[in-house]
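Please look over the model shown below and follow the report with it at hand. The text goes from the ligand to charged pairs, then to loops and the surface.

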Amino acid sequence: MKSKNYILIFGIISIVILISVQIFIIKSIWIEKEIMFDMKYKSLSREAVDQLRSIKKTDGFDTAFFIMDKYAEGVMTNDISKIKSEAELKVKKEEVFGDITKIMNQEQDLSIYLSAYFKKFRVDNNFSFQIVINSLYLVDFDKKFEIYLNEDLFNISKHDPPVEGSQAPPKPPDMNDQKVTSRILVQRFTREDNYFNISFDYFIDFTNKRNMVLRDMAASLGMSIFSIIVVLIIFMITYHNLMEEKRLSNLKTDFINNMTHELKTPLSTITVAGKTLEMAQIRADDSKILETARMIGKQSVHLNQLINLILEISMWERTQFQLDKKNIDIGELLNDIVESFRTGCGNCAKITQKYELDGIKADIDMVYFTTMINNLLTNAVKYSDKDPEISIEGLKDRDKIYIKVSDNGIGIDRAEQKHVFDKFYRVSSGNIHKTKGLGLGLYYVKRIAESHGGDVTVTSKPGKGSIFTVILPY
Ligand code: ADP
């Protein structure tokens, strides 16, 4: 029991380690693939921007800058002069920042160009873009006046404008924003015009990047999952086999103990009987000699039967069943078996019979068939804690015969039911120690039923009784 637990714990720990290692490897591959993905699109998009600049002499924002300049001129020459308070200025700044952001997004051509470029290279062009303004200020060089629109955002003082050419510090990335981590920076742009000065970043973001990376690593992911499943299956099979071996070895030990006990009883009776016959007063009484001789005879027969059963079963292991089949009326045969069982056990049980077999004949080996039914009847009597009541029913359908042996005995627990047909198996609770047996009777029944092309099943309720059904083809 202890070693069983150690094996299980050791196995589970090894599997957990294996799965953790696999997860670590997959994670590393995932990160690497993501980096490669980003690098691929970064270099492609930069190529696209360079090409756009060299061929079309633009970086895709000319229209946007033109409109922005006009807009900024309007603001600087008309709107600003009308502003009277800091509060009004703040509202105006927000409005202008919003308008400019809108112009930048709507009037740029870079995205269309990138999409066409990606398509040309047969890579995914299903991306969204994002423009993040780093610094933006409107200027009026004539009036030497300038306002920083996003000063609060970047904490750039109104009185401390950035020196020309320098760039404002980039916006710190918000780690909670998924987009920040998945987007790819194409390029940082700066532009100074008559009425504005801007620095901004252009990002692209692939909506199905996760799927694309996943597709890219499908092979390694598949291999990893496959190897985990294989290891799990191997572990389960090994563990199951080990437990089965252990169970069989326990069964064998029990069997040897039971067999020793079974053989010892008739042997010791014979020994005692032998000693009795040596006594002078017994030898003087003919009837006592006869009684002792009969006892020796009876025990020898029992001993012989036991040894034959063991020899027969060990022979089954090596050779196939040799059936001597004859076409026999099953109803009639059942009736004969039951009657001889009744007299043989000295009316030990109340047995009722009901056959709806219409004189059906089936090809069976009479000797094995009789042993099979006898075993079921013997068990029905053996495993009973009250006056045994047994019912034998014979039913048929289109091509099968059903022989049901029901009793009012101690019944069999649900968990035990699937084992009772195993070789050497005996239920390990209840009155097992009171009843003698080798755990071979039902194994014998099953083997005989199967060798006739049939089967045997059990339904049972502890305390209520059991029903064994032998199914045979006809
Ligand atoms: P044995 O009777 O020699 O122990 P069997 O193979 O005939 O071996 O039966 C296996 C086990 O199934 C028995 O130990 C017993 O616990 C259980 N069993 C068999 N028949 C019955 C029955 N009719 N009612 C209750 N338990 C039964």
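In this predicted model, a polar backbone atom of L442 lies 2.8 Å from an oxygen atom of the ligand. A polar contact here is a pair of N or O atoms within 3.5 Å; within protein, one atom must be able to donate a hydrogen and the other to accept it, and residues adjacent in sequence count only if both atoms are side-chain atoms. The protein covers 97% of the 530 Å² of accessible area that the ligand has on its own. Accessible areas come from the Shrake-Rupley method with a 1.4 Å probe, and for residues only the protein chains shown count as cover.

The model is predicted, so to speak of a local feature requires pLDDT of at least 70 and side-chain atom pairs count only at pLDDT 80 or more, while totals for chains, interfaces and linings use all residues. Residues are numbered from 1 along each chain as its sequence is written, and side-chain values use heavy atoms, with hydrogens and water left out.

**Around the ligand**

Two side chains also have polar atoms close to ligand oxygen. In R426, a side-chain N or O atom is 2.4 Å from an oxygen atom of the ligand. In K382, a polar side-chain atom lies 3.0 Å from a ligand oxygen.

The ligand has 20 residues around it, of which N379, Y383, D407, R426 and L442 come nearest. A residue belongs to this shell if one of its heavy atoms lies within 4 Å of the ligand. Which element gives the largest share of the shell? Helix α12 does, with three residues. The elements that give two or more residues are α12 (366-382), α14 (441-451) and β11 (465-473). Helices (H or I, at least four residues) and strands (E, at least two) are DSSP runs, numbered from the N terminus.

By residue type, the shell divides into 11 nonpolar, six polar and three charged residues. Ala, Val, Leu, Ile, Met, Phe, Trp, Tyr, Cys and Pro count as nonpolar, Asp, Glu, Lys and Arg as charged, and the others, Gly among them, as polar.

**Salt bridges**

Side chains of opposite charge can pair when their charged atoms come close. How many salt bridges does the structure hold? It holds 17. The term means a side-chain nitrogen of Lys or Arg within 4 Å of a carboxyl oxygen of Asp or Glu. Three of these pairs are listed here.

| Pair | Closest N and O atoms |
|---|---|
| D79 and K92 | 3.0 Å |
| R191 and D193 | 3.7 Å |
| K446 and D455 | 3.0 Å |

D79 lies in helix α2 (residues 62-82) and K92 in helix α3 (residues 86-107), so their salt bridge ties together parts that are 13 residues apart in sequence. D79 is partly exposed, at 24% relative accessible area, whereas K92 is buried, at 15%. Buried means under 20% relative accessible area, exposed over 50%, and partly exposed in between (1.4 Å probe, protein chains only).

For K446 the relative accessibility is 21%, so this residue counts as partly exposed. Its partner D455 is partly exposed too, at 29%. Salt bridges that share partners join D62, R191 and D193 into one network. Within that network, R191 is partly exposed, with a relative accessible area of 29%, and D193 is buried, with 19%.

**Residues in loops**

S384 sits in the loop between α12 and β8 (389-396). Is S384 buried or exposed? S384 is buried, because its relative accessible area is 13%. Its side chain reaches the backbone oxygen of K386 at 2.9 Å.

N208 belongs to the loop between β4 (196-206) and α7 (209-216), and at 21% relative accessibility N208 is partly exposed. N208 and F127 are 81 residues apart in sequence, but their C-alpha atoms are 8.4 Å apart in space.

N347, in the loop between α11 (330-344) and β6 (350-355), is not a glycine and has a positive phi near 50°. N347 is exposed, at 58% relative accessibility. D358, in the loop between β6 and β7 (361-365), is not a glycine either, and its phi is positive at about 50°. D358 is exposed, with a relative accessible area of 67%.

**A nonpolar patch**

I9, I13, I17, V21, F24 and I25 make a nonpolar surface patch of about 580 Å². Patches are made of residues with over 30% relative accessible area and no salt bridge: like charges are joined within 9 Å, nonpolar side chains (Val, Leu, Ile, Met, Phe, Trp, Tyr) within 5 Å. I9 lies in helix α1 (residues 2-56) and is partly exposed, at 48% relative accessible area.
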